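User: I am new to this structure and would like a close look at a single part of it, the largest pocket. Please describe the pocket and then what can be said about the parts around it.

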Amino acid sequence: MEKLRISGGRPLLGTINIGGMKNAALPIIFATVLVNDICVLENLPDVSDIKTALEIVRLMGAEIKQIDNYTYSIDTRSVRSNSVPLDLARKMRGSYYVLGAELGRFGRAFTSLPGGCNLGARPIDQHIKGFEALGATVNCNDQGVSCYTESPLVGASIYMDVASVGATANIMIAAATAKGKTVIDNAAREPHIVDLANFLNSCGANISGAGTEVIKIHGVEKLHGGNYAIIPDMIEAGTYMIAAAATKGDLTISNVIPRHLETTTRKLVEMGVNVEEGDDYVRVRFDGKLKKVRIKTDFYPGFPTDMNPQFCVLLCLAEGHSVLTESVMDSRFKYTDELVRMGAKISVQGRDAHIDGVASLNSANVRAVDLRAGAAMVIAALSANGKTIIEDIHHIERGYEDLVGKLRAVGADIKKISDTNA
Ligand code: EPU
């Protein structure tokens, strides 16, 4: 079992380069199955969820070649129907995108129920509603989800009861080659939805409106391969922005799209942090007292739920009483017990976390309870005096590329250790 050992209390100084966005890359990797040709994907982050997704597609019959650290060629022409490796698919949430891709290509799809972070109930009813509207029959039980259609999928008008990222992406993929026009109303507007639409359009699809709440998809007969570069990861970038503020550092975070970071930037500025925006970087500097704020997560362009735990650490270090409300996920506050072990004063009441600021956090032995919670533990440990050990770091490795190397390069005392040298 590997752990992280962090000796905190040092300001982070320098530049961190941001990789491609995991949550944009996942639907795009699975959408290559629908494309049924050779796609070259650039800027894929080197994280375990992406490796798992590539392995799933390879085991389905695709030929995958690594061209450089972040570029892969994926030839899906020999992918077979009904070939998803269920054990691997079960490991991650994003594997459910294989449903839209297989259904669109073969008229049938089967996969296990998706895994991923335990953030409360994460139903897939909106995915199912979309597939059924396109003409598929969907069955869902403990074994997994199966979809099939006797005749080709036909475009439909679909109103999403929840602006779900996963359902919007899955329906877009399935509808790209359906007959006629599909309209998704109350669609998710996240940048990764726009990235998926751009990828599919670069392969010959006809999708408009991505990034707004109404997406229109005119089905095309056939897609073709090509080259596509994934957008930078706004959550990785936001995590390092907070680490800069929590350690009273001065970090330039490069290779970002500052517009995607707007809500994080605004909240940091409200807390008294200095954020300077360039064309493709943000510089975050702070040395003073953090001000309390109120934060409520929401669907994009609202405050991202995937920044909830990281911001919570900052609120723990702010003067006064802050309130953090989670309105996207059912249950996202399990990590607060770990912060309390480090001296934080947090009381969770339903969807609200009430936080009373403390002068500093203490080192402790803590766990990464999920991916973003793990990132929050790293930030807390970097800000705390003394040596913190973080366990269950496989969660962090699902979504943060070379976290240790990136943080060491800007002055952090962080090391991966195994049980034997702990
Ligand atoms: N929801 C439904 N029905 C559905 C689908 C979703 O009720 O059919 C609800 C969920 O229960 C949740 C809300 O809608 O309360 C949002 O879910 P969404 O479908 O938007 O999220 P997701 O596709 O399951 C993706 C990311 C998450 C990120 C969320 C929100 C991937 C693989 N996962 O999950 O990422 O938190 O969108 O932005 O893209 C992470 O990277 O750490 C992570 C958890």
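Analyst: A pocket here is an open set of grid points where a 1.4 Å probe fits, with protein on both sides within 12 Å along at least five of seven lines. The model is predicted, and the values below are computed from it.

The largest pocket has a volume of about 960 Å³. Its lining is made up of 45 residues, and those closest to the centre are Arg122, Val165, Gly166, Val328 and Met329. Five helices each give two or more residues to this lining: α1 (22-35), α5 (125-133), α6 (165-175), α8 (234-246) and α12 (371-383). By class, the lining residues comprise 19 nonpolar, twelve polar and 14 charged. Both domain 1 (3-18 + 232-421) and domain 2 (22-229) take part, each with at least three residues in the lining.

Two of the residues closest to the pocket centre, Val328 and Met329, lead to Thr305. Thr305 sits in the loop between β17 (294-296) and α10 (308-316). Apart from neighbours within four places in sequence, Thr305 is in contact with Val328 and Met329, as well as with Thr297, Glu326 and Arg332. With Arg332 there is also a polar contact of 2.8 Å between the two side chains. Thr305 counts as buried because its relative accessible area is 10%, and the cut-off for buried is under 20%.

Helices α1, α5 and α6, which contribute to the lining of the largest pocket, also appear around another helix, α4 (residues 97-106). Of the ten residues of α4, eight are buried, so that the helix is mostly covered. The buried ones are Tyr97, Val98, Leu99, Gly100, Ala101, Glu102, Leu103 and Arg105. What covers them includes α1, α5 and α6, together with the strands β6 (108-111) and β8 (144-148). Just after α4 comes Gly107, with a positive phi of about 80 degrees.

For comparison, the second largest pocket holds about 340 Å³ of space. It is lined by 16 residues, and Ala246, Lys248, Gly288, Leu317 and Ala359 lie nearest its centre. The lining of this second pocket divides into eight nonpolar, five polar and three charged residues.

Terms used. Residues numbered from 1 in each chain as written. Predicted model: local features only at pLDDT ≥ 70, side-chain atom pairs only at ≥ 80, totals over all residues. Heavy atoms only, no water. 1 Å grid on protein atoms, 1.4 Å probe; cavity = no way out; pocket = protein on both sides within 12 Å on 5 of 7 lines; lining within 4 Å. Points joined across faces, edges and corners; volume = space filled by probe spheres on them. Helix = DSSP H or I, 4+ residues; strand = E, 2+ residues; numbered from the N terminus. Nonpolar A, V, L, I, M, F, W, Y, C, P; charged D, E, K, R; others polar. Domains from an automatic or database assignment. Buried < 20%, exposed > 50% of the residue type's maximum accessible area, 1.4 Å probe, protein only. Polar contact = N/O pair within 3.5 Å; in protein donor to acceptor, adjacent residues only side chain to side chain. Contact = heavy atoms within 4.5 Å.
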